[in-house]
Amino acid sequence: MGIGLLQAGSLATDPGPQPLKKACLNARQLVALTATWPELEMGRLTGIYQAAGQEKGLVTQELDQLFTTHGGLHLLSPVAMIGEYLPYGPFARLAMARQCLGPFATHCGDELSAAQALTAALADLAAGRCEQAFVGGYRRQPGAVWLMLLGHQEAPPLRWQARYTFGSQEPQPADLGALAADLGRSVTLLPPAASDDILGLDRLAMALRRAQAGEAVAVWQVTADGRGLLVGLAGGA
Amino acid sequence: MTRIAITGYAFVSPYGDDEAAFWQGICHGPVPLSTWSATPAFPDVSCQAALLPPDLAPASGPLSERIVALTEDLCLRTLSQAGFTAAPPGLGLALGTLWGEHDGIGLDHPPAPLLGRLATTLGLEGPMLTISVACAAGNAAMAWACDRLRLGEATMMLAGGVDLVGPLAVDAYSYLGTLTSSLPRPFAADRDGFLLGEGGAIFLLEPWEQAMAAGRPILAEICGVGGGHDADHPTRPAADGRGAVGSMQRAIADAGLTAAQIGYVNAHGPGTVANDIGETAAIATVFGPEGVPVSSTKAALGHAQGGANALEAIACLLALRQQTRPPTLHISGLDPALSPIDCIVGAPRPGHFSHVLSLAASMGGATWTLIFARGPAWA
């Protein structure tokens, strides 16, 4: 048994009116998305590993505007306050809807968030801290959510390595070489994420698929101030 | 598996930044109460709180700016305590904070990303992350830092949590009805909410063997981490404490221990009616009829939100060093309606113990547990 990508997908969400007493992220759609995945078995210990990038700023601005415009947060229902105005709220709803009792964390590493969430999920799966893992994130404007489900499957073991770097906007040959040495084979660096790729999650899913097909690939994420994360994934023997 | 050593720490609390004063405060009080009020534009947004002493609080400015300044100061003090004059190569940072990046009141833009600024000012080059799971953020951040070291992704990690009281927190918790009208009384029948607090702590974590080779004294060890989720309700903990049960059991297993080897539990224990139902149920489930001594130091420290877990980690470390468990202040006994637990009441309880467990929970249902062991420097 190896760790692998079971499902991945995204959908648009309804942003709803402002100020908000109703869901900004459409939680029903979020749940509907996961419910169509036969691999997601209720009762399996499932962790949630949310990536939160610049969306935090938008959420914060909306909360600040509500407070300053209306002199407080009383326009919000308590459920909406937690479910929509804290960065982790929408994914807490997912945990409740799908009975995900495993580890839950919201990873705020700016542009590195998605790769950090993925590697945390892989580590917990490998350590047996959960049996399945949702990795996901959302984009507020235009509203969209992206999720992948990882779990154990009949497949060769998936290996991964993460290397943090600093001071460069491009992965350095030495870092790629070290990653290849760690994985025991040369790696193919995937091109940068497309502009509509939420937090780079789609590209990470592509990397997982290619690794499961036996390739060794690397994904690079970097912040404007030069914090970089190179993730290598390799499948097969 | 790589063992995680704590080789330095610094903290700031309502009792100041001195260990003796902190220990005296959590064991005996009195809680340094102040009135916090927002800007004149929001005269109704105010509350009683356990604030930092004025001489230790960051200078005036937007909340997020002051949290960054406080974090930077704690990181520098932690490094200094461990004997570093500058950040060593590969040093990373994992920080739990609720409002450090989530309160932009007074700014005309969202708070600037905290990590980029700290990377620059502190010279950090390793893994960096803030974790946003509200009141469990500090434990989650320290757990993430431990994994970076275990997986060899970092050579050393600064980890902990920091928060200050701000207008959004006061207004949100007032609106939710979770603030006490007097002093927090966790686990008591007349409990009515928590007291907002502020402060935090940063720890220096590194592989055990590396610390030994470098001759740095190992003060304590983080030997187990575990996370879980209630999956029940956005604002109310599960009555059976299922998330806490899972996170404690996973942390105990991660440490290779049994529940009987835990000598003290520092509970989440904010003092709200709803929390204590689920938390006592969880502790009773995990520790069984033998029980374990439990207390909530939030009665003494207030609830420092993203900084709470890190301050409670300081309480755990001092308990290990002193071989004494702090009590839950302001109560005379356990609410008989709660699941029976061995709640320490009235006075600190001495004993011989090597492992303590710190439990944290958040609104929204996330729970994170850390287990600390006494280090050879304090043996």
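**Exercise 1. Is A:Asp110 buried or exposed?**

Solution. This is a predicted model, so every value here is computed from it.
Step 1: Find the residue. A:Asp110 sits in the loop of chain A that runs between strand 3 (104-108) and helix 5 (113-127).
Step 2: Read its accessibility. The relative accessible area of A:Asp110 is 5%.
Step 3: Apply the cut-off. Buried means under 20%. A:Asp110 is therefore buried.
Step 4: Check the backbone. A:Asp110 is not a glycine, yet its phi is positive, about 55°.

**Exercise 2. Place B:Gln305 in chain B, then describe its backbone and its accessibility.**

Solution.
Step 1: Look between helix 9 (298-301) and helix 10 (308-322) of chain B; B:Gln305 lies in that loop.
Step 2: Turn to phi. B:Gln305 has a positive value of about 55°, although it is not a glycine.
Step 3: Judge the accessibility. B:Gln305 is at 1% relative accessibility, so it counts as buried.

**Exercise 3. Which two residues does the cis peptide bond in chain B join, and where is the proline?**

Solution.
Step 1: Take the bond. B:Gly29 and B:Pro30 are joined by a cis peptide bond, with omega about -5°.
Step 2: Locate the proline. B:Pro30 belongs to the loop between helix 1 (19-28) and strand 2 (34-37) of chain B.

**Exercise 4. How many disulfides does the structure hold, and why do B:Cys135 and B:Cys316 form none?**

Solution.
Step 1: Recall the bond. A disulfide links the sulfur atoms of two cysteines covalently.
Step 2: Count. Over all chains, the structure holds zero disulfides.
Step 3: Test B:Cys135. The closest cysteine sulfur is in B:Cys47, 14 Å away, which is too far for a bond.
Step 4: Test B:Cys316. Its closest cysteine sulfur is in B:Cys223, at 11 Å, again too far for a bond.
Step 5: Add the surroundings. B:Cys135 counts as buried at 6% relative accessibility. B:Cys316 is buried too, with a relative accessible area of 0%.

**Exercise 5. Describe the fold of chain A in numbers.**

Solution.
Step 1: List the elements. Chain A has seven helices and nine strands.
Step 2: Take the burial. Chain A has 237 residues, and 59% of them count as buried.
Step 3: Sort the contacts. Among contacts in chain A with a separation of 6 or more, 73% are between residues 24 or more positions apart.

**Exercise 6. What makes up the interface of chain A and chain B?**

Solution.
Step 1: Count the residues. In chain A, 50 residues are in contact with 56 residues of chain B.
Step 2: Take the area. About 4,300 Å² is buried between the two chains, and carbon and sulfur atoms give 65% of that area.
Step 3: Name the main contributors. A:Phe67, A:Arg129 and A:Tyr164 lose the most area to chain B in chain A, together 15% of what that side buries.
Step 4: Find the charged pairs. The rule finds two salt bridges across this interface. One of them joins the side chains of A:Arg129 and B:Asp254, at 4.0 Å from N to O.
Step 5: Add the polar contacts. The rule finds 12 residue pairs in polar contact across the interface.
Step 6: Map the chain A side. Several elements each supply at least two residues, among them helix 3 (78-85), helix 4 (89-98) and strand 6 (159-166). Helix 2 gives the most, with nine residues.
Step 7: Sort that side by class. The side of chain A that touches chain B has 27 nonpolar, 16 polar and seven charged residues.

Note on methods:
Residues numbered from 1 in each chain as written. Chains lettered and ligands numbered in written order. Predicted model: local features only at pLDDT ≥ 70, side-chain atom pairs only at ≥ 80, totals over all residues. Heavy atoms only, no water. Disulfide = S-S within 2.5 Å. Buried < 20%, exposed > 50% of the residue type's maximum accessible area, 1.4 Å probe, protein only. Helix = DSSP H or I, 4+ residues; strand = E, 2+ residues; numbered from the N terminus. Contact = heavy atoms within 4.5 Å. Buried area = accessible area lost by both parts, 1.4 Å probe. Polar contact = N/O pair within 3.5 Å; in protein donor to acceptor, adjacent residues only side chain to side chain. Nonpolar A, V, L, I, M, F, W, Y, C, P; charged D, E, K, R; others polar.
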